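Trainee: I have a new protein model open and would like to learn how to read it. Could you go through it with me?

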Amino acid sequence: MSSPSSAHWVSLVGSIWLQTINGPNADFPVYSSQLKELKGISQVQLNFLAFASDAGKLFGWFSGVAALHVPLWLVAFVGAAFGLVGYGVQYLFLDSAGLRFWHLFLLTALAGNGICWINTVCYLLCIGNFGSRSRVAVSLATSYLGLSAKVYTSLAETMPRLADSKAKAYLLLNAVVPMIVTVAVAPTLRLFDLKGESMSTTDTALLVMFAITLATGACAVVGSIGSTASGLSSSEHMVSLSVLLAIPVLIPVALRVRESMNKILEAKRENRIHDLGSDDAVVVIEMTDAITTKEEETVAAEMPQEEVGGLQLLKKPDFWLYFFSYMFSGTLGLVFLNNLGQIAESRGLEQTSTLVSLSSSFGFFGRLLPSFMDYYSAKSGHSISRTASMASLMAPMAGAFFLLLNPENFFLYASTAIIGTCTGAITSVAVSATSELFGSKNFGVNHNILVSNIPVGSLCFGYFAAFLYQREAAARGGATCSGASCYRETFTIWGATCVVGTLLCVVLYVRSRSFAGRLPVRLANLLGARQRA
């Protein structure tokens, strides 16, 4: 059975590094309060800036179209260039009175659109280069997106003199870091043909990658607790995190060495067999493998999967169930995280970066969870329904919003961890759900159409939260609001909305389970036979 080689793993490492830095908008809550004071904008305007990054996703489908016609490295470079311009101009002119609110909005939207371009490249690389393990590869790569906020906050804390204000420091990092990493990994952003390597080798490499990923996440969580509790300074923590992010490159190196050794041993074996006059035995073995592989491919091709794309997508009831269930859960979680800075400030918490790092770290584990599920389900010959997974993740998120009604800080931290985990997992699962529901042929365009729900939800939910916040502040005779009551109505409405999203996803699961779920028995038996052999 065809499986990834060292070249495919190099592309996965490149995708992982890109995903790690492809969430510059995730650090917005850290400097949003300072930006609000510096530019003299209201809470509603600040929310519009948070929405601006998501608004760029309305045109994210352009990246899917571009990926059909130009090299993937160029698509990634365009995304990084959008971020460089969007955040770079803000950094250069933030102190200038000439930089108006609408300038900030457009520049942030441009940078937000750049995120879509890099995401599209990573998704297509994982799907195209890892065959039957594509779901695992996608989940692994996208899990690192959850570390973006942690990486940027760690960099900013490590270099406190990077700029004369916190806002400018983060804007500079958001502009420069993605471009540097994109240029560094550009040679690896290619699709390769799958070769006949042993699947056991791929599974072993995946297990090693899981161990590295778990260690990286643990390091991020320790850093989120704080340097005092962990005994590490900001610079020491950043060094340890950097080392763990670099270690995955050892996997393709080890595979390359193994491939070279196998070629040498194979050449010696063929010479020895040729000397013994046993050519026929080799032919029988090779033909048996070829027949079995061909049978697997035939059965896999018989699996029911509808290819839908373009305007046809908008005519499908399943698409709209998917669209709104995602909006009422994953997007709602993103809106909560965007408002985390103001929520923490209203409750009197000074260390906003700690809360943001916590959400980022748990979001990382949330994104990683589907990869474990996919790995073990694939080995057992079953495929877990993505819509069922999403529905099971939405329920605890709804409960977390209601927990936020308690004014104790413990519940704020606990709910942030739950929402971060569930939001990360839903975002990761949705990538595979799109291809499960509508096929993989038009995935680049289809998924970018789906994520257009993010700016729509961000505008609606975010504006409503800002309106309620300002109304509460005005009732107290001030411009700012303090206390748990500032967001009480908001959390109640968000929790109820998430319950509706859960119900919609359950309906979608019931409608789609006829073609998503258990693999055909015949294919499962074949896979099991191959593994036993």
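Mentor: Gladly! Let's begin with a cysteine: Cys460 has a relative accessibility of 45%, so it counts as partly exposed. Please keep in mind that this is a predicted model.

Trainee: What makes 45% count as partly exposed?

Mentor: Buried means under 20% relative accessible area and exposed means over 50%, so anything in between is called partly exposed. Cys126 is a good contrast, since its 2% makes it buried.

Trainee: How many disulfides does this model have?

Mentor: To count them, we look for pairs of cysteine sulfur atoms within 2.5 Å. Here the count is one disulfide. The partners are Cys481 and Cys486, with 2.0 Å from S to S. The angle about their S-S bond is -95°, a left-handed link.

Trainee: Are the two cysteines of that link buried or exposed?

Mentor: Cys481 has a relative accessible area of 2%, so it is buried. Cys486 is buried as well, because its relative accessibility is 3%.

Trainee: Why does Cys126 not form a bond with Cys122?

Mentor: The distance decides it. Cys122 holds the cysteine sulfur closest to that of Cys126, but the two are 6.7 Å apart, which is too far for a bond.

Trainee: Let's turn to charges. How many salt bridges are there?

Mentor: The idea is to find a side-chain nitrogen of Lys or Arg within 4 Å of a carboxyl oxygen of Asp or Glu. That gives three salt bridges in this model. One of them pairs Asp95 with Lys168, whose closest N and O atoms are 3.4 Å apart. This pair links distant parts of the chain, 73 residues apart: Asp95 sits in the loop between α5 and α6, and Lys168 in helix α9.

Trainee: Which of these two residues is buried, and which is exposed?

Mentor: Asp95 is exposed, because its relative accessibility is 51%. Lys168 has a relative accessible area of 11%, so it is buried.

Trainee: What about the salt bridge of Asp318?

Mentor: Its partner is Arg511, and their closest N and O atoms are 2.5 Å apart. Asp318 belongs to helix α16 and Arg511 to helix α23, so the salt bridge ties together parts 193 residues apart in sequence. Asp318 is buried because its relative accessibility is 14%, while Arg511, at 43%, is partly exposed.

Trainee: And which residue pairs with Arg471?

Mentor: That is Glu489, with 2.7 Å between the closest N and O atoms. Arg471 lies in helix α22 and Glu489 in helix α23, so this pair joins parts that are 18 residues apart in sequence. Both are partly exposed, with 42% for Arg471 and 41% for Glu489.

Trainee: Now helices. How do I check the length of helix α9?

Mentor: Multiply 1.5 Å by one less than the number of residues to get the expected span. For the 20 residues of helix α9 (residues 166-185), this should be 28 Å, and the end C-alpha atoms are 29 Å apart, which agrees. Helix α9 is also mostly covered, as 15 of its 20 residues are buried.

Trainee: What should I know about directions along a helix?

Mentor: An α-helix has 3.6 residues a turn, so residues three or four places apart point the same way.

Trainee: Which residues form the nonpolar patch on the surface?

Mentor: They are Leu58, Phe59, Trp61, Phe62, Val65 and Val456, with about 490 Å² of accessible area together. Helix α4 (residues 61-67) gives the most, with three residues. Trp61 is found in helix α4, and its relative accessibility of 32% makes it partly exposed.

Trainee: Where is Leu503, and is it buried or exposed?

Mentor: Leu503 is in helix α23 (residues 488-512). With a relative accessible area of 55%, Leu503 is exposed. Its C-alpha atom is 7.7 Å from that of Ala391, although the two residues are 112 apart along the chain.

Trainee: One last feature: what does the side chain of Glu436 contact?

Mentor: A polar atom of that side chain lies 3.5 Å from the backbone nitrogen of Arg386. Glu436 is found in helix α20 (residues 409-438), and it is buried, with a relative accessible area of 7%.

Definitions and conventions: Residues are numbered from 1 along each chain as its sequence is written. This is a predicted model: local features need pLDDT of at least 70, side-chain atom pairs count only at pLDDT 80 or more; totals for chains, interfaces and linings use all residues. Side-chain values use heavy atoms; hydrogens and water are left out. Patches are made of residues with over 30% relative accessible area and no salt bridge: like charges are joined within 9 Å, nonpolar side chains (Val, Leu, Ile, Met, Phe, Trp, Tyr) within 5 Å. Accessible areas come from the Shrake-Rupley method with a 1.4 Å probe; for residues, only the protein chains shown count as cover. Helices (H or I, at least four residues) and strands (E, at least two) are DSSP runs, numbered from the N terminus. Buried means under 20% relative accessible area, exposed over 50%, partly exposed in between (1.4 Å probe, protein chains only). A polar contact is a pair of N or O atoms within 3.5 Å; within protein, one must be able to donate a hydrogen and the other to accept it, and residues adjacent in sequence count only if both atoms are side-chain atoms.
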